[in-house]
Amino acid sequence: MENLNEILRSKEEKRILTGRITGIEDEYYKLQNRVIPCAIVWYNKIKILIPISHLNLKKENKSLIRGMLNAEIDFIVIETDSVSNIAIASRTLAMELRSQLELPKMKENDTIKVRIVATARKYIIVDCYGKEVIISVENLKHTFIVNAKECYSVGDSLIVRVKKIDIEQNIIELSAKDLIENPYKKIREYITKNGEYTGVVIGYPREKSGIIVQIDNVEVTCLARVPANFNNIPHLFDKVLVRITEIQEKKKLIYGILKRIIV
């Protein structure tokens, strides 16, 4: 009964509720007189349908809902059906209300918690008090990220620093990297020039030849040249040995040369 009361209060008083997207269904949406994809959120035992037109998406594409599965979202109930134990809700309305209430309080250099609602190779999207903000890989970690999807998951929370905020211009810049210790500051405690270290191939530079190696036991990567005497370039995730030829702490760059592919 308490769950139903919360649903009714959300509809009548525009209260924000929170839940996770756990499915997708095509439903007849009578307010628009058409069948429409809906995100499914279970509020305890009450089924909440959030039509794609109320999900605050740039395009009404079902694949975008798939990318948000397990995301924790806010919503406001706009319709209820006590007989079928189903409610229709809007994420868009909840985001608008939350941004009106909370964004004016946010200032530059504040440390806040945001929710990850989507991931891509080179960025993640977070819900920041009712505003969706893109955080590029450059602002996630000090070290090289090949694929943000492998490091961050939809539904997780992330602590970030507010780098810049201008509500009137709709500008919000966030950084998780600013709250993480820079491993390059003490890098010479772990590696030295001309030292040889094992690592794993995690990528290939687009504009430069060579390989990107994640060095073992330290959170830094090395751009390693592949000598001409190697018949083949190492495959992705191959174990290799590299010799360090240059360390540039301030630029967060480490260069090396491939010495061996470890079988």
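This dialogue reads the strands, the nonpolar cores and one arginine of a predicted model.

User: How many strands form the closed barrel, and in what order do they run?

Analyst: In general, the strands of a sheet pair through backbone hydrogen bonds, either parallel or antiparallel. Here five strands make up a closed barrel in the order β11-β12-β13-β15-β14, and their pairing is mixed. From one strand to the next, the twist averages 55°. Within this barrel, β14 (residues 239-248) and β15 (residues 253-262) pair in the antiparallel sense over nine bridges, and I247 has I254 of β15 as its bridge partner.

User: Which residues touch the most other members of the largest nonpolar core?

Analyst: The general idea is that, in soluble globular proteins, nonpolar side chains tend to be buried together. In this model the largest nonpolar core has 29 residues, of which I7, I48, I50, L55, I73 and F75 touch the most other members. Strand β2 gives the largest share of this core, six residues. Leaving aside neighbours within four places in sequence, the contacts of I73 include L17, I21, V41, I50 and L55. Apart from this core lies another, of 22 residues, among them L103, I112, L140 and I172.

User: Why does R15 count as partly exposed?

Analyst: The class follows from relative accessibility, with partly exposed lying between the limits of 20% and 50%; R15 is therefore partly exposed, because its value is 42%. R15 sits in the loop between α1 (2-13) and β1, and its side chain makes a polar contact of 2.8 Å with that of E13. Although R15 and I76 are 61 residues apart along the chain, their C-alpha atoms are separated by 6.2 Å, and R15 is in contact with both F75 and I76.

Conventions:
Residues are numbered from 1 along each chain as its sequence is written. This is a predicted model: local features need pLDDT of at least 70, side-chain atom pairs count only at pLDDT 80 or more; totals for chains, interfaces and linings use all residues. Side-chain values use heavy atoms; hydrogens and water are left out. Two strands pair if DSSP finds at least two bridges between them. Helices (H or I, at least four residues) and strands (E, at least two) are DSSP runs, numbered from the N terminus. Axes are lines fitted to C-alpha atoms, for helices over the stretch in contact, and angles run from 0 to 180 degrees between N-to-C directions. A nonpolar core is a set of buried Ala, Val, Leu, Ile, Met, Phe, Trp, Tyr and Cys residues joined through side-chain atoms within 4.5 Å. Buried means under 20% relative accessible area, exposed over 50%, partly exposed in between (1.4 Å probe, protein chains only). Contact means heavy atoms within 4.5 Å. A polar contact is a pair of N or O atoms within 3.5 Å; within protein, one must be able to donate a hydrogen and the other to accept it, and residues adjacent in sequence count only if both atoms are side-chain atoms.
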